[in-house]
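Let's take a walk through this protein together, starting from its interior and working outward through its sheets and charged pairs. Keep the viewer open as you read.

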Amino acid sequence: MASASRPRSYRLPVGGLIAAVAALVALGLPGAARADSYSLLQADVAVDVQTDGSLGVSERLEVAFSGDFTFGYRDIPLREGESLVNPIVVERGVALRRGNQTSLEPGRPGTFGVERRGDTVRIVWYFDARNQTRAFTVSYVLRKVAVAYDDVVDVNLKVWGDQWEQSLARLVGVETAPGKILRAWGKPVWVRGDVELVGTRATLRAVDVPAEQFVELRTLIPRTAFTSTAGMRVERGNGFDRIVAEERADAEAYETDRERIDALKAHPLRTGLVALALATLPALLLIWVVFWFMGRERRTGYDREYEQEPPTDTEPALVPTLLRQGGEAGSYEFTATLFDLVRRGVYKAEPTTTERPIWAGLRSETISDLEISRGENRELRAWESDVADVVDAVLDGGSERLSRFRDEIEDERESMHGRFTAFKNAVAGEADRLSWFRSTGAVPLVLAMLLFAIGGGVLVYLGVRDWRPVYPRYSDVLLVGLGACLFVNAALCLGTLVFNRRVWRRRTRAGQEEAERWEAFRRYLSDFPRLQEAPPATLELWERFLVYGIAFGIAERVLQGAQLHMPEALAQSSAIYWISPHSDLGSGASSLSIGDLASGFGNALAPPNSGGSGGGGGFSGGGGGGGGGGGGGFG
């Protein structure tokens with residue numbers, strides 16, 4: 001950018017303010033241990049363009065030390081053909097003596113050393129500093145950095161390198177030329193600063209230069225101002241128009257990027273809708289395709305509305321798994337299995353009553369209860385044995401009231417939870433053995449999730465790799481935005497895999513036929529109290545109704561039907577029903593509220609740690625083509 005406009009004002013960045021506050025807080029902590037550290041307060045770089053094209057560079061570095069420091073160093077990269085001569089280090093007007101040591105460790109104070117390390121010249125100087133501010137001046141001459149064209153000499157120099165690991169609070173670079181400077185640019189555009197051009201002098205100012213960020217000053221000087229080309233490279237042809245066009249193109253590219261980003265900000269609704277579409281539509285389309293071809297259940301031709309009795313002998317703990325297409329068994333399946341064991345005589349149940357405190361213990365009420373004890377020994381399935389282990393642990397060779405089961409289980413929560421986990425695993429294993437489901441739809445979802453995640457990671461990496469926090473490129477914004485959208489798509493696929501198995505899993509034909517019949521039976525139990533059809537005639541069938549009703553989570557509907565239709569003689573002989581002569585649903589033992597009982601089992605059997613219940617002007621262009629730069633440090 002031409003140097004005719006006045007300097008821009010600066011704003012303290014939010015990140016710098018937060019860092020300053022954090023530093024003050026840290027310093028205010030009494031007795032807090034602090035490691036040695038230093039801050040780069042200011043760098044004043046003077047560049048003297050000599051008549052042969054050599055560049056005399058003098059860098060004054062003002063540093064605030066916290067702790068003990070004994071050396072500083074500068075690494076100055078050189079490109080092919082370039083050279084560095086006459087290095088000098090000065091402090092407080094006194095030149096340090098040149099020695100042979102260049103190691104980054106304590107050395108003889110007041111000396112410095114120089115070493116060529118491949119394409120880099122390292123200058124190391126030694127001193128003693130403790131909790132103070134010091135200033136050092138490093139001077140040298142660079143040759144073959146400037147480029148001589150037929151009409152102008154191009155001086156493109158990094159006055160601050162990108163190898164510094166600390167940020168710089170303030171940078172001032174002053175270039176003096178042997179003739180009038182025609183054009184001057186400060187770069188890159190995302191560094192806060194300005195350039196002022198007056199005759200033979202160009203002044204660059206920048207603030208809050210981030211760590212690992214170069215700052216470049218580029219000038220064009222008439223070729224006629226030089227007496228020799230010994231200190232510079234020579235290129236044939238004119239360079240002025242081409243270089244100005246390059247810088248103008250850089251500035252226009254920046255303006256284009258800024259306009260595009262401003263357009264995104266100016267239309268937040270449109271931008272948000274586009275982002276939402278990109279973040280969801282690809283995954284939703286894939287999910288729909290997977291469901292339609294691999295998850296949607298196929299009808300079998302079964303057309304009955306109701307089944308008046310359990311259609312198969314599938315155990316009550318397994319039927320909910322069939323209907324919901326998998327998942328873990330829970331407290332309802334556990335409770336249903338317990339009542340089924342009582343129904344089959346593995347355990348005995350005798351009706352009784354229990355006093356229960358209410359109103360914070362100020363009063364009590366009498367509730368119906370069941371006294372559970374050991375019954376007949378029978379062969380049990382794996383998950384039934386797990387339930388029996390819990391019950392046997394509660395009974396401890398005697399008997400116990402059903403209302404006390406929860407408290408007894410909570411007293412041994414750790415061991416009980418292990419048995420409950422074994423119960424769930426046994427149910428899942430039996431469902432797998434029966435081969436009710438096909439999960440082929442999970443394969444494309446997993447592959448898509450991985451592709452979305454990997455693609456998002458690559459795009460975000462490419463976007464943030466060279467991200468410019470002050471003036472970001474539009475391409476980087478797009479890359480990061482698209483990467484974030486791909487991450488959301490990956491999350492949708494993952495969520496579908498974890499929380500909605502019906503999308504990617506379907507039953508086999510045999511499994512679907514059985515599931516449709518069990519769905520009809522569940523509808524029958526749900527509608528049973530209001531149906532006018534003949535009720536079951538046998539106690540066994542009534543009891544099976546209740547056991548499956550518990551598994552389905554609709555036990556109260558079955559109890560309501562029993563109140564209306566079950567003969568009293570059958571009720572009096574049942575081990576799991578107990579209906580009072582007054583037909584009061586709340587007085588029967590079965591209505592301790594089975595839903596509450598199942599919920600209590602779920603809480604009591606939870607893991608121990610689960611809690612149970614609860615021309616001038618600003619900088620331009622991208623830069624990066626200048627000589628010099630590098631970095632340094634202190635130790």
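In this predicted model, the largest nonpolar core holds 62 residues, and the members that touch the most others are Tyr347, Ile372, Phe423, Leu525, Phe545, Phe552 and Tyr577. If you want a handle on this core, pick helix 13, residues 539–552, which supplies its largest share with 10 residues. There is also a second, separate core, made of 58 residues, with Ala43, Leu61, Leu84 and Leu168 among them.

Next, turn to an open sheet. Five strands build it in the order 6-7-8-3-25, with mixed pairing. Strand 6 (97–98) and strand 25 (631–634) are the edge strands; each has a single partner strand, so one side of each lacks a neighbour in the sheet. As a reminder, strands of a sheet pair through backbone hydrogen bonds, either parallel or antiparallel. Strand 25 runs antiparallel to strand 3 (residues 68–77), and four bridges join the two. To find one such contact, look at Gly72, whose bridge partner in strand 25 is Phe634.

Which way do the residues of strand 25 point? In a regular strand the side chains alternate between the two faces of the sheet. Here Gly631 and Gly633 point one way, Gly632 and Phe634 point the other way, and all are buried.

Now for the charges. The structure contains 44 salt bridges, and Glu216 is a good place to begin. Glu216 and Lys158 meet through their side chains in a salt bridge, at 4.0 Å from N to O. This pair ties together distant parts of the chain, with Glu216 in strand 16 (residues 215–222), Lys158 in strand 11 (residues 152–160), and their positions 58 residues apart. Both Glu216 and Lys158 are buried.

Glu216 has another salt-bridge partner in Lys187, where the closest N and O atoms are 3.5 Å apart. This contact again links distant parts of the chain: Lys187 belongs to strand 13 (residues 183–187), Glu216 to strand 16, and the two are 29 residues apart. Why does Glu216 count as buried? Its relative accessibility is 0%, and the cut-off for buried is under 20%. Lys187 is buried too, because its relative accessible area is 3%.

These pairs belong to a wider arrangement. Asp154, Lys158, Lys187, Glu216, Arg218, Arg242, Glu246 and Glu247 are linked in a network of salt bridges.

Another pair worth selecting is Asp194 with Arg205, a salt bridge whose closest N and O atoms lie 3.3 Å apart. It connects strand 14 (residues 193–198), which holds Asp194, with strand 15 (residues 201–209), which holds Arg205, and the two residues are 11 apart. Asp194 and Arg205 are both buried.

Finally, consider the cysteines. A disulfide is a covalent bond between the sulfur atoms of two cysteines. How many disulfides does the structure hold? The count is zero. Two cysteines to look at are Cys485 and Cys493. Cys485 counts as buried because its relative accessibility is 9%, and Cys493 is buried with a relative accessible area of 0%.

Notes:
Residues numbered from 1 in each chain as written. Predicted model: local features only at pLDDT ≥ 70, side-chain atom pairs only at ≥ 80, totals over all residues. Heavy atoms only, no water. Disulfide = S-S within 2.5 Å. Buried < 20%, exposed > 50% of the residue type's maximum accessible area, 1.4 Å probe, protein only. Pairing = 2+ DSSP bridges. Core = buried A, V, L, I, M, F, W, Y, C linked by side-chain atoms within 4.5 Å.
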